Amino acid sequence: MPPKYMSGYQKKKRKLRIESLIQSQAGDINKYFTPNLIESKYVAENLLNNEEDMGLNDDDKVLEPINMDEMGNNNNEEVLEPLIVDESNFFEKDDELVQHETLSQETCYDDPGKWGNIDQKIRDFLVERGPKRDACTLFPKDSTNRHFNVLHYKRILSNGEENDRRWLLYSISLDKIFCFCCKLFKKQKNKIGTQLANEGYNDWHNLSRCLTTHEASKEHMECMADWLELERRLQKNQTIDARAQVQLNKEKEHWKHVLHRIIAIVQRLAKNNLAFRGKLYVENNGLFLQMVEMIAEFDPIMNEHLRRIKDHETYTTYLGSRIQNELIQMLAGEVRKKLLAKVKKAKYFSVILDCTSDISHKEQMSLVIWCLDESENSTKVKEYWIEFLEVDDTSGLGLFMHLKDALIRLELDIDDIRGQGYNNGSNMKGKHKGVQRRLLEINLRAFYTPCGCHSLNLALCDMVNCCPQAMSFFGVIQRIYTLFSSSTKRWRIFKDHVKGLTVKPLSQTRWESHVESVKPIKEQTAQIRDVLLDLTNDTEDPKTKSEAESLALYELEKFEFLLGVVIWYKLLFAINTASKLLQSENMDIDIAIKLLQGIIIFLEEYRESGFDKAMVEAKEMASEMGIEAVFREKRVVRRKKQFDESSSTEIALSAEEFFRVNYFIFIVDQAHSSIESRFAQFKKYQEIFGFLFNVERLQCSDDESLLRSCGNLESSLAHNGCSVVNGDDLFSELTFLKCSLPNESKSAIDVLDYLKKMDGCFPNAHVAYKILLTILVTVAISERSFSKLKLIKTFLR
């Protein structure tokens, strides 16, 4: 008996056959969007028979393409019920037939050497389609070192005018020329001049004489008249088989409408990362086919399509999984093509990279391009996600090579990079072997910017880790959340007693979001203390009782904890606000620098007067809770001095002063120093581009400082002894520009819009402002792209 299941070798062989088939047919669906492309299976079969009659080998044959929806996923599937796509017969075909069916049939329409015997249907199709010439201008030479020349496509009249020989075609497969009209409408075969209508002509030495004789012959003129007459009739739909032609055109329009609806469904589902697969009219058949069924209830075209499937009138459904994948790839390719066109039009761009692992534990690198979009009336700074790159080497060299290969594949010039932004990982920002260092070795004008939001996050991390009391404070915050969230009963008790905000956990990666965890404690300290005391009295679990009592009596009733809540909320609120502003899509370097300067000024002022204000607010909270607003005194440990020690007098600090010096000032100073060191690159940008940040600063610049700034910018943008701007010309342009700018121009992007309207009058200023607006501030979009990566599976979807 034959085996019930396929062997492993058979399955592997089938898989390889399917993969080669899919790869060979990628993009074949484009032919359905060509207005005059024939869809008649009859024509393809006749062309195949003609090729066999002409003795063409297997490599020259063009067969009917495989219908993607006739393929299945399991060789052992039973025949499906009506309205279920049957894709089980495809794998029964032998390997040779599958290889033949993957060939494209478009080539035979363009090559007259493969036409052979032509019947009326093929003739009508070719006339309606018209003669097509290959764009190739390099032709093979014969034994006499001669070849065909495209100049013969034109006929020079006696008065010097040129006339296109539309009827003249070149066959790549035979290296011969043919007459289009005589090939289709020939009547005699006994004259030498009719070689152009039969086997072709390749005597290149006598070609000019042959063409002149042929186009003056009576037979050629008659064929030309027949060709033009049939062409006019086809355009007016007045042929003998006009009724059949009307039916054919109606069928073509039907399939176009069906594909338009299917593409619209694919586009909506792919845009929202929703699953596709399923079978028609069965339970839980997937969103794609459910939407097809829903559209069929209101749309007669889709209803007719499903009726044909149900009645087995057609097996071409375009509802299978492989056609869905091909449509998804086509749509993605079109979107990427338009995005890359905008990037190339802008010329200068910045790259953003970030890595994470996907659901299959493979490292994925997100590639984002930041550039100017000048396609609209007003210039905008846009960030475009391009693709995910699977990486196997996460070192600085490995990530850089992946980036370099991707830019080459996308046809983007690495010398046009003017900015690069990554997180603060050592393999990214490393000064010696990181990605930014390796890119700077190739392109010195690719300014590296560490992510502003990530740098603020690390500054907060430094603030917490530098002080043991701060670490204990956030430990208490997490303990309160863990106590209530670990039990649904305790969480219900919390909701019954506290009607406002609920407690939230601490994020291990986004430290600025700690403000959301501190805020409920600050605004509801008394209510949370009361619910902890009630939980102490009501619970029978000794561990829960001990934890609740410890938090209520020894943590929340400590004045130091209340003062810490006030201080940390103020600091976290300021930094979290700045972090959210830095993540906005229209953030530019000028606003970012002002924002960071505002944070530093806030920290300096808060260091001087913030402690006294925090003390006042903390005392009000203590008064509401009924606890004493005093610091708990710690026992002073006095060490016995040795006989040879000097008697130095130590100044004993009070508990309040000890808290202010070793807690408050300590964390504020740490925040100040960390932010200044992590944003040192922004100061460099201010030195290079500061005079271009806004119109007010440009207009206030004197000639001496402006000339010095222009020279500094020219040297900063120089590479291999060449700069993209000329300092002296830039100075001359800006000197005139600062007096002629309209009053409504305030920011750098307003100036760029004005320069765009001036149509090249200020070329150096235009380039300088484009580079300024291309510099990065944050890499937040790469982080946002990972939220979509979680929804993408490992293979295609």
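**Entry 1: a loop to begin with**

I started at aspartate 175, which sits in the loop between strand E3 (168-171) and strand E4 (176-179). Helices (H or I, at least four residues) and strands (E, at least two) are DSSP runs, numbered from the N terminus. I noted that this model is predicted: local features need pLDDT of at least 70, side-chain atom pairs count only at pLDDT 80 or more, and totals for chains, interfaces and linings use all residues. Residues are numbered from 1 along each chain as its sequence is written, and side-chain values use heavy atoms, with hydrogens and water left out.

Back to my loop. Aspartate 175 is not a glycine, yet its phi is positive, about 55°. Is aspartate 175 buried or exposed? I found aspartate 175 buried, with a relative accessible area of 18%. For the record, buried means under 20% relative accessible area, exposed over 50%, and partly exposed in between (1.4 Å probe, protein chains only).

I looked up another positive phi at tyrosine 318, also about 55° and also not a glycine. Tyrosine 318 belongs to the loop between helix H11 (300-310) and H12. Its relative accessible area is 6%, so tyrosine 318 is buried.

**Entry 2: the whole chain**

I stepped back for an overview. The chain has 31 helices and 11 strands. Of its 797 residues, 46% are buried. The exposed area comes to about 42,800 Å², and carbon and sulfur atoms supply 51% of it. Accessible areas come from the Shrake-Rupley method with a 1.4 Å probe; for residues, only the protein chains shown count as cover.

Next I checked contacts, where contact means heavy atoms within 4.5 Å. Among contacts with a separation of 6 or more, 69% join residues 24 or more positions apart.

**Entry 3: helix H16**

I turned to helix H16 (residues 452-465) and its length. The expected span of a helix is 1.5 Å times one less than its number of residues. For the 14 residues of H16 that gives 20 Å, and the end C-alpha atoms are 20 Å apart, which agrees.

How many of the 14 residues of H16 are buried? I got 10, so H16 is largely enclosed by the rest of the structure. Among the buried ones are Gly452, Cys453, Leu456, Asn457 and Met463. The buried residues of H16 pack against strand E9 (447-450) and four helices: H17 (468-485), H22 (559-582), H23 (589-625) and H24 (655-678).

I followed H23 to aspartate 612, which lies in that helix. Aspartate 612 counts as exposed, at 53% relative accessibility. Its C-alpha atom is 9.7 Å from that of arginine 660, though the two are 48 residues apart along the chain.

**Entry 4: helix H5**

Helix H5 (residues 120-129) is mostly covered, with seven of its 10 residues buried. I listed Ile122, Arg123, Asp124, Phe125, Leu126, Val127 and Arg129 as the buried residues of H5. After H5 comes glycine 130, with a positive phi near 85°.

**Entry 5: two leucines**

Leucine 535 lies in helix H20 (residues 525-538). With a relative accessible area of 4%, leucine 535 is buried. Which residues is leucine 535 in contact with, leaving aside its neighbours within four places in sequence? I found Leu483, Phe484, Arg490, Ile493, Thr544 and Ala548. I also looked at alanine 552, 17 residues away along the chain; the C-alpha atoms of leucine 535 and alanine 552 are separated by 10.0 Å.

Leucine 327 is in helix H12. Leucine 327 is buried too, at 3% relative accessible area. Alanine 270 is 57 residues from leucine 327 in sequence, but 9.9 Å from it in space, C-alpha to C-alpha.

**Entry 6: a cavity**

Last, I searched for enclosed space. On a 1 Å grid over the protein atoms alone, a cavity is a set of points where a 1.4 Å probe fits but cannot get out, and lining residues have an atom within 4 Å of a point. I found one cavity of 30 Å³ or more in the whole structure. The largest cavity holds about 30 Å³ of space.

Its lining is Lys342, Lys345, Ala346, Leu372, Asp373, Glu374 and Ser375. Helix H12 (321-346) and strand E6 (363-373) are the elements that give two or more residues to this lining. The largest share, three residues, comes from H12. I sorted the lining of the largest cavity into two nonpolar, one polar and four charged residues. Here Ala, Val, Leu, Ile, Met, Phe, Trp, Tyr, Cys and Pro count as nonpolar, Asp, Glu, Lys and Arg as charged, and the others, Gly among them, as polar.

Terms used
On a 1 Å grid over the protein atoms alone, a cavity is a set of points where a 1.4 Å probe fits but cannot get out, and a pocket is an open set with protein on both sides within 12 Å along at least five of seven lines; lining residues have an atom within 4 Å of a point. Grid points are joined across faces, edges and corners, and a volume is the space filled by probe spheres set on the points.
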